[in-house]
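Visitor: I have a structure I'd like to go through with you, starting with the ligand. Could you walk me through it?

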Amino acid sequence: MKIKFLDLGDQPIANRFLTTDNVTDEFFYNLSVGFDNDTKLVTHMEYVDPPLMFNENYVYRGSMSTTMQNHFKQFSSRFSPDLKILEIGSNDGVFIKNWNKSTAIAVEPCKNFAEETTALGYTTYNEFWTIELAEDIKEKHGQQNIIFAANCICHIPDLDNTFKAVSNLLTHDGVFIFEDPSLAEMINNGSYDQIYDEHPHIFSVIALDNILQRNGLEIVRVENLSVHGGSNRIYAKKIGTSEIDESVEQNKAYEKILGVDNIETFIRFAQKVKQSRDDLIRILFKCKEEGKKVISYGATSKSTTVFNYCGIDQSLIEYVSDTTPEKQNKLTPGSHIPVMFKDKIEDDVDYVYLGAWNFLNEIKEKESDFVKRGGKFITHVPIVKFD
Ligand code: TYD
């Protein structure tokens, strides 16, 4: 049974950036988060229908940061390129382009991105991941040694269907490897902005193992990653086919200390979220009173949650700078702040709110002139402060 612990108010589709002519018919839903007492899963009270988010107009590009490009390149180099691999949620090909075109298979529901990996030469299924699709792929291409997904499994409401499909398509000793933001890190960082329509679940290792096991899989290894504000890379195999690495128990023990299996932890988390909102609004109003120019860096899904939950609009943040062509010259969802691209932070900017706080190092490096002249970033992670 799900117990609600957090209400982030009315939220728009996090990646539906608006043109001036579709600004009036915006879709909003209530973003409330609950804790499932049976599986220990942190999950939305109600899910947004996936085609509303993932369609031919999807704008998030995984390859927009060198951090992520290097991350996938390094990881891929650990494996023999001859293995049969399938990626669920291949986006613009940032991961799969490190693999062999004749064997790697991409699955991507967003048509615009499916066309890109097809054009790169990869067999691409422009579909949502389901048991039926896995069955079809098994018939055409046989079972797979590796099924990989990055920042995708937490996007899928029906985890049982997802894991059954994976189990069916994996070879007997095949491995399912997936990475998603970590619930433990969200608690440590106070990063409530990991919660938005596309992230119906924020995973703990404990909850994932519960759900994987009822679908014939078990976690055999966990790697803690720094990307996306702290993620876990999970390795799961068919139950009983492999030894279990000590990292699994270590992560579960750590999560128990944090209390991720206990609703009280999330009630405390919700109180911290309210505090974070009050502190951020206070700081931004102070900047405004003092006549400072504040912009935001990175038109992220995360900042959709923050802007709409905190009621931040163009009166507090003048514009958002983002490198993604598909987001530029549009307005941020719900908050309607203009998005544009500035090669470097302009000289008259006093403060920069970090929508993409997870790329702080990459951004500080790029914007060394701003840092040198004493420019300050504003972040809410782990607490609201100037950085
Ligand atoms: P990300 O943090 O992955 O976003 P989300 O919350 O949607 O998962 O995305 C980072 C966004 O920031 C992406 O739109 C690209 C943009 N960006 C810049 O504009 N400049 C940069 O230097 C970097 C690293 C990212």
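Guide: One term first: a polar contact here is a pair of N or O atoms within 3.5 Å. Please also keep in mind that this is a predicted model. With that cut-off, an N or O atom in the side chain of Lys366 makes a polar contact with the ligand, lying 2.4 Å from one of the ligand's oxygen atoms.

Visitor: How much of the ligand's own surface does the protein bury?

Guide: The ligand taken alone exposes 570 Å², and 97% of that is buried by the protein.

Visitor: Which other side chains have polar atoms by a ligand oxygen?

Guide: Ser301 has a polar side-chain atom 2.6 Å from an oxygen atom of the ligand, and for Thr324 the distance from a side-chain N or O atom to a ligand oxygen is 3.3 Å.

Visitor: And which residues come nearest to the ligand?

Guide: There are 21 residues around the ligand, and those that come nearest are Tyr60, Ser301, Asp322, Lys327 and Lys366. By type, the shell divides into 7 nonpolar, 9 polar and 5 charged residues.

Visitor: Which helix gives the most to that shell?

Guide: That is α11, with 3 residues. Helix α11 covers residues 360-366, and both α11 and α10, which covers 301-310, supply at least two residues of the shell.

Visitor: Let's stay with α10. How many of its residues are buried?

Guide: The helix is mostly covered, with 10 of its 10 residues buried; among them are Ser301, Lys302, Phe307 and Tyr309. These buried residues pack against strands β1, β2, β12, β13 and β16 and against helix α9.

Visitor: What comes just after it?

Guide: Just after α10 there is Gly311, which takes a positive phi of about 70°.

Visitor: Changing topic: how many residues does the largest nonpolar core have?

Guide: The largest nonpolar core has 52 residues, and those with the most contacts inside it are Phe5, Leu6, Leu280, Ile312 and Ile378. Elements that each supply at least two residues of this core include β1 (2-12), β2 (28-36), α6 (183-189) and α10, while α9 gives the most, with 9 residues.

Visitor: What does Leu6 touch, sequence neighbours aside?

Guide: Leaving aside neighbours within four places in sequence, Leu6 is in contact with Leu31, Ser32, Val33, Ile195, Phe269, Ala270 and Val273. There is also a second, separate core of 36 residues, which includes Trp129, Leu159, Phe176 and Ala207.

Visitor: Ala207, OK. Where is Thr39, and what is it in contact with?

Guide: Thr39 is found in the loop between β2 and β3, and beyond its neighbours within four places in sequence it is in contact with Ala207, Asn210, Ile211 and Arg214. A polar atom of the Thr39 side chain also lies 3.3 Å from the backbone nitrogen of Leu41, and the C-alpha atoms of Thr39 and His201, which are 162 residues apart along the chain, are separated by 12 Å.

Visitor: Why does Thr39 count as buried?

Guide: Buried means under 20% relative accessible area, and Thr39 counts as buried because its relative accessibility is 8%.

Visitor: Last one, Asn251: buried or exposed?

Guide: Asn251 is buried, because its relative accessible area is 9%. Asn251 is found in helix α8, residues 246-258, and, again leaving aside neighbours within four places in sequence, Asn251 is in contact with Val205, Val222, Asn224 and Asn232.

Definitions and conventions
Residues are numbered from 1 along each chain as its sequence is written. This is a predicted model: local features need pLDDT of at least 70, side-chain atom pairs count only at pLDDT 80 or more; totals for chains, interfaces and linings use all residues. Side-chain values use heavy atoms; hydrogens and water are left out. A residue is near a molecule or strand if one of its heavy atoms lies within 4 Å of it. A polar contact is a pair of N or O atoms within 3.5 Å; within protein, one must be able to donate a hydrogen and the other to accept it, and residues adjacent in sequence count only if both atoms are side-chain atoms. Accessible areas come from the Shrake-Rupley method with a 1.4 Å probe; for residues, only the protein chains shown count as cover. Helices (H or I, at least four residues) and strands (E, at least two) are DSSP runs, numbered from the N terminus. Ala, Val, Leu, Ile, Met, Phe, Trp, Tyr, Cys and Pro count as nonpolar, Asp, Glu, Lys and Arg as charged, and the others, Gly among them, as polar. Buried means under 20% relative accessible area, exposed over 50%, partly exposed in between (1.4 Å probe, protein chains only). Contact means heavy atoms within 4.5 Å. A nonpolar core is a set of buried Ala, Val, Leu, Ile, Met, Phe, Trp, Tyr and Cys residues joined through side-chain atoms within 4.5 Å.
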